[in-house]
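Subject: Structure handover

Hello,

Here is the structure you were waiting for. Please open it alongside this email.

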Amino acid sequence: MGRLRGMISCEEALGHLWELIDGELAPEDETAVRRHVEVCSRCYPRYDFQRAYLSLLGRIRRGEGPSPELRRRLAGLIPGAPPEGHDPGCGSDTSSKE
Amino acid sequence: MSAEHLWERVRMGLRMLALPSPRRVQAGRPREIPSPPVGDAAASSGEGLAQEALPWLDAVYTYALRLTRGDRDAAEDLAQETFLRAHRFWGTYERGTNMKAWLFTICRNTYLHEQGRSRTRRETTMTDLDTSYDALALPPDLGAAGTDPEREFFAGLIDEEVVTAIDALPEEYREALVLSDLGDLTYSEISEVLGVPVGTVKSRLFRARRSLQESLLEYAIRTGVVEEGPR
């Protein structure tokens with residue numbers, strides 16, 4: 001349920017910044033925070049900073065992966081496992097939270 | 001001990017009891033790989049696991065890698081053990097529930113069991129978690145870091161330094177951050193994996209992000225990526 005009403009302050013917006021970026025706010029709250037952040041010269045850079053931070057973490061996630069040997073071992077252990085070299089699909093999801 | 005901590009320990013104990021006696025996960029190679037169960041049931045179990053769980057191998061491995069603080073051999077052993085346990089306990093998985101959170105829970109429990117850790121020890125490193133989220137959510141002040149400080153700041157960081165900074169976080173913070181920002185789990189899913197309330201997840205995650213960003217900022221200033229501004 002939404003708790004934020006009408007025009008909110010910078011303090012309120014910044015207090016919910018990470019929940020906004022994480023997609024964890026109730027729809028009414030998300031609208032209120034986003035409406036503030038998108039047009040606020042003080043809050044927008046911080047919003048942009050946190051989004052850039054998550055992009056950085058996404059870059060790191062994409063740079064790490066199990067060895068082909070582990071895939072091969074598991075494929076040998078679990079019937080129906082895709083052969084080595086198969087695109088792992090959703091497990092390698094690189095979408096950011098926003 | 002608070003009621004919340006007591007329940008945390010009880011839940012952890014119940015989880016441990018639900019898992020079989022752990023086989024030793026050894027760092028290094030070669031690894032002894034146990035054979036999966038045989039027969040129709042096993043084949044059926046394997047196919048379901050292959051279809052539903054194996055697609056999360058990359059995510060589980062990334063989580064395992066951070067749990068083991070970058071030890072790739074130990075992370076591969078931990079990931080392998082996670083899937084072997086998932087295979088063994090496939091019958092306990094409720095179809096339609098959250099597969100990713102289930103696998104991450106197995107991975108974490110396996111890691112904790114292998115480490116022989118106790119919640120009591122972990123509690124001693126906890127700081128007060130009642131602080132307002134609002135204060136925690138404020139990013140570090142970049143000061144006069146440049147005309148486009150955000151891009152300049154992150155572009156100048158080396159991945160290894162970021163990983164080192166993550167690995168240096170206190171464990172309670174690190175696991176919340178890794179589950180969220182590398183594992184892409186929701187607050188509710190993290191709550192399920194860690195066995196703590198969503199409010200605690202938020203508190204740990206926000207502290208972790210702030211701490212990590214401050215470490216990265218210090219690194220960036222030290223190496224001249226950004227100039228130090230008024231704090």
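Below are the notes on confidence, one helix and one residue.

This is a predicted model: local features need pLDDT of at least 70, side-chain atom pairs count only at pLDDT 80 or more, and totals for chains, interfaces and linings use all residues. Residues are numbered from 1 along each chain as its sequence is written, while chains are lettered from A and ligands numbered from 1 in the order in which they are written.

Confidence
The predictor gives the complex an ipTM of 0.77 and a pTM of 0.67. Chain B has a mean pLDDT (the predictor's confidence in each residue, from 0 to 100) of 72. In chain B, 60% of residues reach 70 or more. Two stretches of chain B stay under 50: residues 5-43 and residues 118-132. The model has 40 contacts beyond four places in sequence for residues 5-43, and 13 for residues 118-132. A contact means C-beta atoms, placed from the backbone, within 7 Å.

Helix H5 of chain B
Helices are DSSP runs (H or I, at least four residues), numbered from the N terminus. H5(B) covers residues 99-115. Its 17 residues should span 24 Å at 1.5 Å a residue (1.5 Å times one less than the number of residues), and the end C-alpha atoms are 24 Å apart, which agrees. Buried residues (20 or more other C-beta atoms within 10 Å of their own; exposed is 12 or fewer, partly exposed in between) include Trp102(B), Phe104(B) and Tyr111(B). Gly116(B) follows H5(B), with a positive phi near 65°.

Arg35(A)
Arg35(A) sits in helix H3 (residues 27-37) of chain A. Arg35(A) counts as partly exposed because it has 15 C-beta neighbours inside 10 Å. Its C-alpha atom is 8.5 Å from that of Met7(A), 28 residues away along the chain.

Best wishes

Definitions and conventions: Helices (H or I, at least four residues) and strands (E, at least two) are DSSP runs, numbered from the N terminus.
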